[in-house]
Amino acid sequence: MGLYSLFWVVILLVSANSVHGSDVCAGLPGLLDSVHGSDVCAGLPGLLNCSPFLLGSVSSPAASCCKSLKWLSQHAINKEDKRELCKCLKVEDLKHKGVILDRAKTLPRLCKVQLPVPLVPDNIDCDSL
């Protein structure tokens, strides 16, 4: 499991760099600085807790995964935050990182969390949120 965690951290930092500029590490310890000044994308590293479920190595999400989803839902409350979360999730592009799409779609329901955008927001125009 340690290798998966390291892989996801590297992917998140590289992806954050493409959204937030070359000074991504300057945002530590929050890991991610936001596009619009809010902190909603700072919760994305918490999705590392979901990787065993999303990659299919366990049958149900861990409590820490659900806690991370809940954090995202609580911080994406206004339109700007929802747009930002959508854009960050698009950059993360989970479907090309080995994530099982059906699991990504069912994760919020399993965690009893309502997210303002899907974890894989492929067909969504984030600016229209």
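## Exercises on a predicted model

At 78% relative accessibility, Asn123 counts as exposed, and the model in which this value was computed is a predicted one.

**Exercise 1.** Determine where Asn123 lies relative to the helices, and how its separation in sequence from Lys90 compares with their distance in space.

*Solution.* Begin with the chain: Asn123 belongs to the segment that follows α5, the helix of residues 101-110. Next, take the pair: Asn123 and Lys90 stand 33 residues apart in sequence, while their C-alpha atoms are 10.0 Å apart in space. Finally, the exposure: with the cut-off for exposed residues set at over 50%, Asn123 is assigned to that class because its relative accessibility is 78%.

**Exercise 2.** Describe the span of helix α3 and work out how its buried and exposed residues are arranged around the axis.

*Solution.* First, the span: α3 covers residues 63-75, 13 residues in total, and from its first C-alpha to its last it reaches 18 Å, close to the 18 Å expected at 1.5 Å a residue. Second, the buried set of α3 consists of Cys65, Cys66, Ser68, Leu69, Leu72 and Ser73. Viewed down the axis of α3, these buried residues fall within an arc of 155 degrees, and therefore they line one face of the helix. Third, on the face turned away from that buried side, α3 carries the exposed residues Ala63 and Lys67. Fourth, the cover over the buried residues of α3 includes α4 (79-92) and α5.

**Exercise 3.** Identify the residues that touch the most other members of the largest nonpolar core, and name helices that supply at least two residues to this core.

*Solution.* The largest nonpolar core has 27 residues, and those touching the most other members are Leu44, Leu47, Leu69, Leu85, Leu107 and Leu119. At least two residues of this core come from each of α2 (51-54), α3, α4 and α5. Leu69 links this exercise to the previous one, being listed among the buried residues of α3. As a general background, nonpolar side chains in soluble globular proteins tend to be buried together.

**Exercise 4.** Locate Asp93 and Lys112, give the phi value of each, and classify their exposure.

*Solution.* Asp93 sits in the loop between α4 and α5, and its phi is near 45 degrees, a positive value in a residue other than glycine. Because its relative accessibility is 26%, Asp93 counts as partly exposed. Lys112 is placed in the segment after α5, with a phi near 55 degrees, again positive in a residue other than glycine. Lys112 has a relative accessible area of 78%, so this residue is exposed.

Note on methods: Residues numbered from 1 in each chain as written. Predicted model: local features only at pLDDT ≥ 70, side-chain atom pairs only at ≥ 80, totals over all residues. Heavy atoms only, no water. Helix = DSSP H or I, 4+ residues; strand = E, 2+ residues; numbered from the N terminus. Buried < 20%, exposed > 50% of the residue type's maximum accessible area, 1.4 Å probe, protein only. Expected span 1.5 Å × (residues − 1). Arc of directions from axis to C-beta. Contact = heavy atoms within 4.5 Å. Core = buried A, V, L, I, M, F, W, Y, C linked by side-chain atoms within 4.5 Å.
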